[in-house]
Structures are given as C-alpha cells and as structure tokens.
Amino acid sequence: MANPCQAPLPEVTTIRIYDCRVCKGCMVTRDRDNGIAPPYVRCRVTPDCEGIAVQREGIIDQELAPEYLWIRPDAGERARVLDAVPEQTRPGMLRYLDDDLRGMLLWTLGGDWAT
Ligand SMILES: [Zn+2]
C-alpha cells in the first residue's frame, strides 16, 4: 500500500484574497509554489494606503484572476531579492525562505518582487 506521507504535493492553484480594512480594497493572489503565505500583507491596492490587508478566511473562488503571485524564489530570484534589501535584513529573509519555514514572497505577475 502506498505511504500517504510520501504522496506528491498537489499542483498549486491556491487563490487567496487579502482585504484592506483602511481603503476597503482587496488583492487577489495565487500561489505559484508550495510554501507558506503570510496571513497579512502591506496594502498595495491604493497608492499611499498605509493599511494592512488581511487574508480572507473561508472558501475563496478559485476562478478569480490573480494580480500577484506568492513564490518561493529560486536561486536567481533569491539573489535579486537579497540584492534589493538592506544587508541587515538578509539573514532574517534567508531564514524566512529556508526549508523549515517555507515562506513565500509576493511577486507581481510581471516577475518583479513586490517589495
Ligand atoms: Zn488599503
């Protein structure tokens, strides 16, 4: 009998919605990779909004078109991100991305890190 602990990870299609309580806008994201998406992000809906967008709970329509991707950066993507952050931020970011925490970063559909 197959060992369920060794079952392959499913193809990632997870659509998430993050709601901003300040500007009342929302962001639609899709997981590109198998990792952990944070429960909240800085609002990027409205320019200059200082709100925090919180991940909506419950069943999310998986047919929504994403505006952002959650990714676990590969080596090249990781190097670009690490170049863009202050040196003192790099150890924490590497820890966040490592195989224990499996953190994901928010990227635009165009392939840029959404700082
Ligand atoms: Zn907002």
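Reader: Let's start with E77: which helix is it in?
Author: One thing up front: this is a predicted model. In it, the stretch from 75 to 84 forms a helix, and E77 falls inside that range. So the place of E77 is in helix α1.

Reader: And is E77 buried, exposed or partly exposed?
Author: You can count C-beta atoms around it: E77 has 15 others within 10 Å. Buried takes 20 or more, and exposed means 12 or fewer. The count of 15 sits in between, so E77 is partly exposed.

Reader: How far is E77 from D112, C-alpha to C-alpha?
Author: Along the chain, these two are 35 residues apart. In space, the gap between the C-alpha atoms of E77 and D112 is 9.0 Å.

Reader: What about T89, is that one buried or exposed?
Author: T89 sits in the loop between α1 and α2, the latter covering 90-97. It has 12 C-beta neighbours inside 10 Å. The cut-off for this class is 12 or fewer, so T89 counts as exposed.

Reader: How far apart in space are T89 and G103?
Author: In sequence, T89 and G103 are 14 residues apart. Going C-alpha to C-alpha, the distance between them is 15 Å.

Reader: Zooming out, what pattern does the chain follow along the sequence?
Author: The parts list has two helices and six strands. Read along the sequence, they come in the pattern β-β-β-β-β-α-α-β.

Reader: In what order do the six strands line up in the sheet?
Author: The sheet is open and its pairing is mixed. For instance, β1 and β2 run antiparallel, whereas β2 and β5 pair in the parallel sense. Going across, the order is β3-β4-β1-β2-β5-β6.

Reader: Which strands stand at the edges?
Author: In that order, the outer places go to residues 40-42 and 105-108. Each of these strands has a single partner, so one side of each is left without a neighbour in the sheet. The edge strands are β3 and β6.

Reader: By how much are neighbouring strands of this sheet turned against each other on average?
Author: Ignore the direction of the strands for this one. The average turn between neighbours is then 35°.

Reader: How many bridges join β1 to β2?
Author: β1 spans residues 15-20 and β2 spans 26-31. Among the facing residues, I15 is opposite R30 and Y18 has M27 as its bridge partner. The number of bridges joining β1 to β2 is five.

Reader: Which residue in the turn of that hairpin has a positive phi?
Author: Five residues lie between β1 and β2 in the hairpin. One in the turn has a phi of about 70°, and that residue is K24.

Reader: Which residue of β5 is the bridge partner of R30?
Author: β2 pairs with β5, residues 68-71, over three bridges. R30, which also faces I15 of β1, meets a partner in β5 that is L69.

Reader: On the other side, which residue in β4 is the bridge partner of C20?
Author: β1 runs antiparallel to β4, residues 52-55, and three bridges join them. β3 also pairs with β4 in the antiparallel sense over three bridges, and V41 stands opposite A53 there. The bridge partner of C20 in β4 is likewise A53.

Reader: Finally, what share of the residues counts as buried?
Author: The C-alpha atoms fill a box of roughly 55 × 40 × 20 Å along the principal axes. Of contacts between residues at least 6 apart in sequence, 60% join residues at least 24 apart. Out of 115 residues in the chain, the buried share is 14%.

Note on methods
Residues are numbered from 1 along each chain as its sequence is written. This is a predicted model: local features need pLDDT of at least 70, side-chain atom pairs count only at pLDDT 80 or more; totals for chains, interfaces and linings use all residues. Two strands pair if DSSP finds at least two bridges between them. Helices (H or I, at least four residues) and strands (E, at least two) are DSSP runs, numbered from the N terminus. Axes are lines fitted to C-alpha atoms, for helices over the stretch in contact, and angles run from 0 to 180 degrees between N-to-C directions. Two residues are in contact if their C-beta atoms, placed from the backbone, lie within 7 Å.
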